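The following report describes a single protein chain, moving from its overall properties to its strands and then to two backbone positions.

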Amino acid sequence: MKFFLPFAADEKQAEETYEAIKKFVAPQGDVSDTRYYAIYYRHNGQELRARVGDPDPLTGEPVIAILRSSRDRGPFYVCTPNRGVVRGDPILADGGPHTRAIHFEQ
């Protein structure tokens, strides 16, 4: 899957918005440069999937971006309009061995 952000008018706006989201999430810790399309993870015993452009399984809001901590096995940051994009902290998803991530094409 080629990189995109939902609601971005073009590639330039997607890049600018992605960088702004990374800066907004930065207080959580250093963010990896890898771009993620989807993650499959466990939360409170449930198997969940977060995918860019789809509703988040916990909030129902559209997933705008998925970032990951640059720490080894660090958490993923699922970003929705009210959780990591416009306001609020991102949704934290486990970055452990049971989590499967799908990258955007490079």
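For the charge count, Lys and Arg are taken as positive and Asp and Glu as negative, while His and the chain ends are not counted; the place of a charge is NZ of Lys, CZ of Arg, CG of Asp or CD of Glu. On that basis the chain has 14 positive and 15 negative side chains, and the centres of the two sets lie 3 Å apart. The model is a predicted one, in which local features need pLDDT of at least 70 and side-chain atom pairs count only at pLDDT 80 or more, whereas totals for chains, interfaces and linings use all residues. Residues are numbered from 1 along each chain as its sequence is written, and side-chain values use heavy atoms, with hydrogens and water left out.

The chain contains one helix and six strands, arranged from the N terminus as α-β-β-β-β-β-β; helices (H or I, at least four residues) and strands (E, at least two) are DSSP runs numbered from the N terminus. The radius of gyration, taken over C-alpha atoms, is 13 Å, which agrees with the value near 13 Å for a compact globule of 106 residues, the globule rule being 2.2 Å times the number of residues to the power 0.38. Along its principal axes the C-alpha trace spans about 40 × 30 × 25 Å. Buried residues (under 20% relative accessible area, with exposed meaning over 50% and partly exposed in between, for a 1.4 Å probe and protein chains only) make up 41% of the 106 residues.

Strand S4 (residues 76-79) pairs in the antiparallel sense with strand S3 (residues 65-68) over four bridges, and three bridges join S4 to strand S5 (residues 91-93), again antiparallel; two strands pair if DSSP finds at least two bridges between them. Leu-67 stands opposite Tyr-77 in S4, and Phe-76 stands opposite Ala-93 in S5. In a regular strand the side chains alternate between the two faces of the sheet. In S4, Phe-76 and Val-78 point one way and Tyr-77 and Cys-79 the other way, and all are buried.

Two residues other than glycine have a positive phi, as tabulated here.

| Residue | Phi | Place | Relative accessible area |
|---|---|---|---|
| Phe-7 | near 75 degrees | segment before helix H1 (11-25) | 69% |
| Asn-44 | about 50 degrees | loop between strand S1 (36-43) and strand S2 (46-51) | 71% |

Phe-7 is exposed, and Asn-44 is exposed as well.
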